[in-house]
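Grab a pencil and open the structure viewer. Below are some exercises, each with a worked solution to check yourself against.

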Amino acid sequence: MSSYFITRANFEKFIVKLIQAKKKIYAPVSKKQSFIFDELTSFDDLRLDYDVTILPPKKYIFPPRQGLLTFDKQGHNSLIAPEDKILLGVHFYDLKAIDMLDNLFAANNSDANYLANRAATTIIGANIQKISKRAFWGSVGKDVRPHGYDGFIIKLDGGEGYVYECYTDKGSALLKSGDFSNASPAQIAASMDINERVLKQCPEKLNHSSKEIATKVRSTFKEKQLWEELADDCFSCGSCNTVCPTCYCFDVQDNWNVDQVSGRRERTWDACMTEDFAKISLGGGHEENFRESKAQRFRHRIMRKSTYLNETLGGPACVGCGRCSSACTADIADPAKAINRIMEL
Ligand code: SF4
Ligand code: SF4
């Protein structure tokens with residue numbers, strides 16, 4: 001890793017030059033009272049002081065709706081068409097989430113679509129300047145550090161400028177667009193201190209280690225009453241899944257043209273909290289739903305986030321972004337609240 005420094009004024013010129021270059025840039029911008037990742041077309045729109053975005057930046061690597069292939073009598077044509085792009089200003093918890101998706105989509109039957117999109121993406125992280133009200137990233141999966149990104153921007157206190165950490169050739173390739181100098185030891189120390197300090201400022205907190213949580217949560221699998229209480233107010237809307245940076249389930253549909261021989265295969269994000277997610281055909285007009293009750297679905301979601309995937313991922317499949325807590329009308333989706341309650345039993 002190499003660290004560079006760029007002044008505030010030159011940072012603006014750097015971003016403008018990136019916008020003018022060929023690659024598209026997706027970055028945090030404001031939308032009414034909230035923030036979203038969107039295409040950046042002007043430096044003035046860039047909001048590196050965002051707290052959290054409504055949807056995670058995974059949408060540019062694993063889109064909510066994606067064409068997979070077209071088919072006709074002759075065969076099929078792949079629709080894999082990765083866009084060369086920069087994801088700019090990604091907070092460390094979303095970087096961790098992308099690492100998880102990289103791992104999961106590469107395992108077993110690797111997902112060519114995801115991997116092609118991922119390879120075409122340069123990811124530049126940014127330090128957290130403002131903290132969302134429901135975050136608990138300071139205490140979840142503390143041993144898991146993000147690693148799959150190309151560069152990281154830290155805004156120094158006092159507004160003198162930014163430290164830019166380069167981790168890969170893709171990250172270093174951006175240096176030519178800006179007037180960077182080597183960061184001084186004092187600037188590097190200041191940037192590290194900023195990242196350490198923010199970890200202690202989360203409004204919500206898990207009170208136990210990931211290992212303790214994984215064991216305890218798993219032991220409650222048969223506590224029917226507990227899960228019914230936790231899920232009692234659930235509307236089965238699936239919003240907690242939709243906003244989650246680590247959820248990766250999808251549904252595949254073949255959309256046939258009127259000729260009945262050609263069409264298009266698409267995939268869309270799916271949500272395990274919705275009633276039909278686990279409904280399967282048994283043939284002969286029969287069907288079964290293997291997670292019929294909302295308590296079963298709520299338990300499944302919390303188990304997935306805190307225990308089932310820990311071995312594969314090296315830590316919990318939740319990064320503590322707090323998006324699910326904010327998106328839940330019933331205010332019951334918060335994993336930190338549910339887990340802390342379970343740990344008290
Ligand atoms: S479960 Fe909730 S807090 Fe955890 S990563 Fe998903 S949206 Fe964020
Ligand atoms: S927990 Fe909340 S967000 Fe998730 S499905 Fe239930 S009501 Fe919807």
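## Exercise 1: Two domains

**Task.** Which domains does the assignment give, and how many residues of each are in contact with the other?

**Solution.**
- Start with the bounds: the domain assignment splits the chain into domain 1 (2–199) and domain 2 (210–343). Keep in mind that this is a predicted model.
- Next, check the spacing: over C-alpha atoms, the centres of domain 1 and domain 2 sit 26 Å apart.
- Now count the contacts: 33 residues of domain 1 touch 30 residues of domain 2.
- Look at what domain 1 brings to that contact: β4 (65–72) and α2 each supply at least two residues of the side that touches domain 2.
- Finish with the chemistry: that side of domain 1 has 19 nonpolar, six polar and eight charged residues.

## Exercise 2: The whole chain

**Task.** What radius of gyration does the chain have, and how does that fit with a compact globule?

**Solution.**
- Begin with the parts list: the chain has 12 helices and 14 strands.
- Then take the expected value: a compact globule of 345 residues would have a radius of gyration near 20 Å.
- Compare: the chain comes out at 22 Å, which agrees.
- For the outline, picture a box of roughly 70 × 60 × 40 Å along the principal axes, filled by the C-alpha atoms.
- Burial adds another view: 39% of the 345 residues are buried.
- Finally, consider contacts between residues at least 6 apart in sequence: 74% of them join residues at least 24 apart.

## Exercise 3: The nonpolar cores

**Task.** Where does the largest share of the largest nonpolar core come from?

**Solution.**
- First find the core's best-connected members: among its 70 residues, Y26, A27, L40, L87, L88, I124 and W137 touch the most other members.
- Then trace the source: helix α2 (residues 92–106) gives the largest share of this core, eight residues.
- Check both domains: the core draws at least three residues from each of domain 1 (2–199) and domain 2 (210–343).
- Don't miss the second core: a separate set of 10 residues includes C240, C247, M273 and C328.

## Exercise 4: Y93 and W137

**Task.** Is Y93 buried or exposed?

**Solution.**
- Locate Y93: this residue lies in helix α2.
- Count its surroundings: Y93 has 25 other C-beta atoms within 10 Å, so it is buried, the cut-off being 20 or more.
- List its partners: setting aside neighbours within four places in sequence, Y93 contacts W137, V319, G320 and C321.
- Turn to W137: with residues up to four places away left out, W137 touches Y93, C202, V319, G320 and C321.

## Exercise 5: K205 in its loop

**Task.** Which residues does K205 touch, not counting those up to four places away in sequence?

**Solution.**
- Place K205: look in the loop between α5 (185–199) and α6 (210–219).
- Judge its exposure: K205 has 14 C-beta neighbours inside 10 Å and therefore counts as partly exposed.
- Read off the contacts: K205 touches F136, G138, S139 and A336.
- Take one of these pairs: K205 and G138 are 67 residues apart in sequence, yet 7.2 Å apart in space from C-alpha to C-alpha.

## Exercise 6: Two ligand shells

**Task.** How many residues surround ligand 1, and which are closest?

**Solution.**
- Count the first shell: ligand 1 has 13 residues around it, with C244, C318, C321, R323 and C324 closest.
- Sort that shell by class: eight are nonpolar, three polar and two charged.
- Repeat for ligand 2: of the 14 residues around it, C234, C237, C240, M273 and C328 come nearest.
- Sort again: the shell of ligand 2 has 10 nonpolar, four polar and no charged residues.
- Link back to the second core: C240, M273 and C328 are among its members.

## Exercise 7: Positive phi

**Task.** What is the phi of N108, and what is the phi of S236?

**Solution.**
- Recall the background: most residues other than glycine have a negative phi.
- Read N108: its phi is positive, about 50°, although it is not a glycine.
- Place N108: it sits in the loop between α2 and α3 (112–119), and it is exposed, with 7 other C-beta atoms within 10 Å.
- Read S236: its phi is also positive, near 55°.
- Place S236: look in the loop between α7 (224–231) and α8 (239–242), where S236 counts as partly exposed with 16 C-beta neighbours inside 10 Å.

Key:
Residues are numbered from 1 along each chain as its sequence is written. Chains are lettered from A and ligands numbered from 1 in the order in which they are written. This is a predicted model: local features need pLDDT of at least 70, side-chain atom pairs count only at pLDDT 80 or more; totals for chains, interfaces and linings use all residues. A residue is near a molecule or strand if its C-beta atom, placed from the backbone, lies within 6 Å of it. Ala, Val, Leu, Ile, Met, Phe, Trp, Tyr, Cys and Pro count as nonpolar, Asp, Glu, Lys and Arg as charged, and the others, Gly among them, as polar. Helices (H or I, at least four residues) and strands (E, at least two) are DSSP runs, numbered from the N terminus. Domain bounds come from an automatic or database domain assignment. Two residues are in contact if their C-beta atoms, placed from the backbone, lie within 7 Å. A nonpolar core is a set of buried Ala, Val, Leu, Ile, Met, Phe, Trp, Tyr and Cys residues joined through C-beta atoms within 7 Å. A residue is buried if 20 or more other C-beta atoms lie within 10 Å of its own, exposed if 12 or fewer, and partly exposed in between; C-beta atoms are placed from the backbone. The radius of gyration is taken over C-alpha atoms; the globule rule is 2.2 Å times the number of residues to the power 0.38.
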